[in-house]
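Good morning, everyone, and thank you for making time. I would like to walk you through one model today, slowly, and please have the picture in front of you while I talk.

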Protein chains: 2
Amino acid sequence: MRILYVEDEKYLADAVIHVLEKSGISVDYAEDGEEGLNLAVKPIYDAIVLDIMLPKLSGIDVLRDLRERGIKTPVIMLSALSQVEDKIKGLNYGADDYLAKPFKTAELAARLRALVRRPALKPETVISYSDLYYNLEDRTLNDLALSEKEANIIESLLKNPEHVLSKEYLLSHVWGSDASGEDNYVEVYISYLRKKLEKLKSKAKIKTIRGLGYKLCSKNSS
Amino acid sequence: MRILYVEDEKYLADAVIHVLEKSGISVDYAEDGEEGLNLAVKPIYDAIVLDIMLPKLSGIDVLRDLRERGIKTPVIMLSALSQVEDKIKGLNYGADDYLAKPFKTAELAARLRALVRRPALKPETVISYSDLYYNLEDRTLNDLALSEKEANIIESLLKNPEHVLSKEYLLSHVWGSDASGEDNYVEVYISYLRKKLEKLKSKAKIKTIRGLGYKLCSKNSS
DNA sequence: ATAATATTTTAAGGAACTTTTAAGGTTTCT
DNA sequence: AGAAACCTTAAAAGTTCCTTAAAATATTAT
C-alpha cells in the first residue's frame with residue numbers, strides 16, 4: 001500500500017512515517033497544501049492523509065479541489081482541534097474518515113487498512129514507481145499513450161524496479177520466446193522510452209548496466 | 001406515509017424532520033450510511049431520502065447495495081454539491097429523484113408525495129455519463145435519434161464509461177456472438193457516433209486505444 | 001404494393017501509427 | 001588504439017484505423 005501524507009509538523013511526520021513504513025505502508029510526504037495537491041492528483045496512492053491546518057492551502061482546500069477534479073482517492077483528515085466543525089466540513093467535502101490529533105499511529109494504520117480494503121472488486125490496473133504510473137488497461141504512462149512494445153517493456157521494468165533486466169529477458173517477454181537474438185530491438189525501444197520519460201520530466205530513468213541489461217531507477221539514487 | 005431519512009448533519013436533519021412530520025409524513029432517521037442501510041432494507045418505507053456524503057457508507061454505496069439486493073423502494077438523493085456527476089451517478093444506480101442542497105423542505109415533501117404516487121417498479125430507462133443521456137426506450141441520445149447499431153454501441157460504451165472495450169466485445173454484443181471478424185463494422189459505426197457526438201457538442205468523446213479498442217471519456221479527462 | 005427513406009454491409013483508398021531494419025556514431029573497457 | 005557494447009536515427013515495411021460512398025437490405029409511408 002502506498003499513501004500520501006500531508007503534514008507541516010516535521011517532527012510528527014517523521015515519527016508517523018517511521019511507524020507506518022515499519023508496518024509495511026509506503027509513504028510519500030508533502031509539507032504543505034500546495035505540494036500535497038500536486039502529488040495527490042496522481043493516481044498512484046491508495047489513500048491520502050491530510051492535515052487540516054497546512055501552509056499555503058488548507059487540507060479542506062486540497063480535499064475540495066481533489067473531489068472537484070473527480071479524483072476519488074480515499075482521504076483521512078487530521079485535525080489538531082477536535083472541532084466538530086472541521087470534521088463536518090471535511091466529511092461533507094468527501095473525506096472518507098477523520099482522526100483527531102493527537103492520535104496513535106497504530107490507529108491511523110488500522111484506519112488506512114480499513115479504508116483501502118473497501119473497494120476490493122477492482123483488480124490492480126495501475127503499476128507505479130517513483131513518479132511514474134502505468135495504466136495496464138489503456139497502456140498509458142502518466143497519461144501518455146504508448147505503443148504495444150513500449151508498453152510491454154515499461155511494464156516489465158515497473159514490475160522489477162531497481163532490478164537489472166537483461167536484453168534476453170526483455171526480448172523473450174516482449175517479442176516472444178523465439179525471437180532470435182535481435183538485441184537491437186530492445187535498444188531501439190529503450191531509446192524510445194527514454195525519450196518519453198524525458199518528455200514526462202520524470203524523475204525515473206532507465207539505466208544501462210553494460211553487459212548485463214537495463215534497470216529502472218529514480219534519478220537521485222545511485 | 002413513512003420514510004427513512006439518512007443524513008449526518010444533525011441540525012439540518014432536526015429541522016427537516018420537524019417540517020415533514022408536521023405535514024403528515026412519518027420519518028425514521030439514520031445518522032450514517034451503515035445505520036441507514038440496516039433500516040432501508042426493511043420493507044416498511046414508502047421512500048428513502050439519502051444524503052450522498054455520509055460517514056461509513058456513502059449514499060451512493062447504500063443505494064447500490066439496496067438495488068443489488070433487489071430492494072426497489074423509491075429513493076431521493078441529496079447532495080451538498082450541485083455536481084451533475086453525483087446526480088448522474090445516483091440516477092444510474094437507480095435513484096428515483098435528486099435534490100441539491102440547500103433545498104426547501106416543502107419541496108422535498110412535494111417530491112416525496114409525487115414519488116410515492118408513482119408506480120414503483122419503473123425499470124431504468126436512461127443511462128448517462130458526463131453530459132450524455134441515452135434513452136433506452138426510444139433510442140435517443142440527448143434527444144437525437146440513433147439507429148439500432150449506433151444505439152447498441154453507445155449503450156455498451158455508456159455502461160462501461162472510461163473503460164476500454166475491444167472491437168471483439170462490441171462485435172459480439174452488437175452484432176451477435178457469431179458475427180465473423182468484421183472489425184470494419186465497428187469502425188464505421190464508431191465513426192458515425194463520433195459525428196453525432198460532435199453534432200451534440202458533447203464533452204464526451206470516444207477515444208481510440210490502438211490495438212485495444214475504444215473508450216468513452218470526458219473531453220477534459222486524461 | 002410501390003415508392004421513398006433509412007439502415008446496414010461492403011469495399012477501397014489513404015492516413016496514422018508501429019515495428020523492423022540498417023547504418024553510422026558514441027561510449028566503455030582492455 | 002581497437003573491439004565490443006550500446007545509442008540514435010530514419011527510412012522501409014507492416015498494421016491498424018478512419019472515412020467515404022455505393023450497393024444491398026430493411027423499414028415506413030402513400
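Let me begin with a question: how many Å from a phosphate oxygen of DNA strand D does a polar side-chain atom of Arg194(A) lie? In this model, which is predicted, the distance for Arg194(A) is 2.8 Å, and a polar side-chain atom of Arg194(B) likewise lies 2.8 Å from a phosphate oxygen of DNA strand D. A further contact of this kind comes from Tyr214(B), where a polar side-chain atom is 2.5 Å from a phosphate oxygen of that strand.

Let us now step back to the whole surroundings of DNA strand D, where 24 residues are found, the closest being Thr208(A), Tyr214(A), Lys167(B), Thr208(B) and Tyr214(B). Of the atoms of DNA strand D that come within 4 Å of the protein, 55% belong to sugar and phosphate. If we sort the residues of this surface by class, we find six nonpolar, eight polar and 10 charged, and helix H8 of chain A and helix H8 of chain B each supply at least two of the residues.

Turning to DNA strand C, we find 20 residues around it, and the closest are Ser147(A), Trp175(A), Ser147(B), Trp175(B) and Tyr185(B). Here sugar and phosphate make up 60% of the strand's atoms that come within 4 Å of the protein. The classes on this surface are 10 nonpolar, four polar and six charged residues.

Which atoms approach the phosphates of DNA strand C? A polar side-chain atom of Ser147(B) lies 2.5 Å from a phosphate oxygen, and one of Tyr189(A) lies 3.2 Å from a phosphate oxygen, while in Lys149(B) it is a polar backbone atom that sits 3.3 Å from a phosphate oxygen. The elements giving two or more residues to this surface are helix H6, residues 148-159, and helix H8, residues 183-199, in chain A as well as in chain B.

Finally, please look at the sheet in chain A, an open one whose four antiparallel strands come in the order E6-E7-E8-E9. Its edges are E6 (126-129) and E9 (144-145), each of which pairs on one side only. Strand E8 (residues 140-141) is joined to E9(A) by two bridges, and Leu141(A) has Leu144(A) as its bridge partner. Helix H6(A) packs on this sheet, touching E6, E7 (132-135) and E8, and its direction makes about 125 degrees with that of E7(A). H6(A) therefore deserves a second look on your screens, being also among the elements that give two or more residues to the surface near DNA strand C.

Methods
Residues numbered from 1 in each chain as written. Chains lettered and ligands numbered in written order. Predicted model: local features only at pLDDT ≥ 70, side-chain atom pairs only at ≥ 80, totals over all residues. Heavy atoms only, no water. Near = heavy atom within 4 Å. Polar contact = N/O pair within 3.5 Å; in protein donor to acceptor, adjacent residues only side chain to side chain. Nonpolar A, V, L, I, M, F, W, Y, C, P; charged D, E, K, R; others polar. Pairing = 2+ DSSP bridges. Contact = heavy atoms within 4.5 Å. Axes fitted to C-alpha atoms, helices over the stretch in contact; angles between N-to-C directions.
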